[in-house]
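Hi everyone, and thanks for coming. I'd like to walk you through one structure today, piece by piece, so please have a look at it with me.

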Amino acid sequence: MDTRFNLFDNEIAVKFAKRFANAGMVIQQSPLPKSTQELVSLRASQINGCGWCIDMHTKEAEAAGETSLRLHLVAAWRESTVFTEAERAALALAEEGTRLADAHQGVSDETWDQVRKHYDDDQIAALVSLVALINAANRLAVIVHQKGGSYQPGMFAAFDL
């Protein structure tokens, strides 16, 4: 399928993207580790089938020093040994927070307890906000069929967002 609509070439969409990016900056500047931010964004994007966001977060993670081994194993994080207990808690939250319709309770108490064990209040605020934000970004890109493959790390700086 071809891209339906170029969100980067429309005045209203660009205005929205600027505000969206500003919300993202709050998370980026938070004490939540950058590697955790990228792993969570990548996992939610995989679940949602968002090629654009998978491309973006894989490349941003690599640019920030993440290993290809860990990036290749994000989709199977439960069956791998390369993630810390804190990262595993964040990935569980990302999955449960993304698949809200799959469980009537949303995020389980067990997952929440693990998140509380490994993150402080500021990190949790950033993590919960990140899960909400990446899911919104996935929906924007999937709705318009924004394709993955062309993203370059840091490319949004050129858009003066």
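**A walk around helix α7**

Let's start with α7, where Gln123, Ile124, Ala126, Leu127, Leu130, Val131, Leu133, Ile134, Asn135, Ala137, Asn138 and Ala141 are buried. Before going on, a word on where this comes from: this is a predicted model, in which local features need pLDDT of at least 70, side-chain atom pairs count only at pLDDT 80 or more, and totals for chains, interfaces and linings use all residues. Residues are numbered from 1 along each chain as its sequence is written, and side-chain values use heavy atoms, with hydrogens and water left out.

Two terms come up a lot. Buried means under 20% relative accessible area, exposed means over 50%, and partly exposed is in between, with a 1.4 Å probe and protein chains only. Helices are DSSP runs of H or I with at least four residues, strands are runs of E with at least two, and both are numbered from the N terminus.

Back to α7. What do its buried residues pack against? They pack against α1, α2, α3, α5 and α6, with contact meaning heavy atoms within 4.5 Å. The 23 residues of α7 should span 33 Å at 1.5 Å a residue, and the end C-alpha atoms are indeed 33 Å apart; the expected span is 1.5 Å times one less than the number of residues.

Now look at the two ends. At the N-terminal end, Asp120 acts as a cap, with a side-chain oxygen 3.1 Å from the backbone nitrogen of Asp122. Just after α7, His145 has a positive phi of about 60°. Most residues other than glycine have a negative phi. His145 also counts as buried, because its relative accessibility is 14%.

**Over to α2**

Helix α2 covers residues 34–48, and its end C-alpha atoms are 21 Å apart, in agreement with the span expected for 15 residues. Among its buried residues are Leu39, Val40 and Leu42. The cover over the buried residues of α2 includes α1, α3, α4, α5 and α7. Just after this helix, Gly49 takes a positive phi of about 65°.

**Arg116 and Ser80**

Arg116 lies in helix α6. Is Arg116 buried or partly exposed? It is partly exposed, because its relative accessible area is 42%. Its side chain joins that of Asp121 in a polar contact of 2.7 Å, that is, a pair of N or O atoms within 3.5 Å, where within protein one must be able to donate a hydrogen and the other to accept it, and residues adjacent in sequence count only if both atoms are side-chain atoms. The C-alpha atoms of Arg116 and Ala89 are 9.0 Å apart, although 27 residues separate them along the chain.

Ser80 sits in the loop between α4 and α5. Ser80 is buried, because its relative accessible area is 10%. A polar atom of the Ser80 side chain lies 3.0 Å from the backbone oxygen of Trp77. Leaving out residues up to four places away in sequence, Ser80 touches Leu73 and Arg88.

That's my tour, and I'm happy to take questions.
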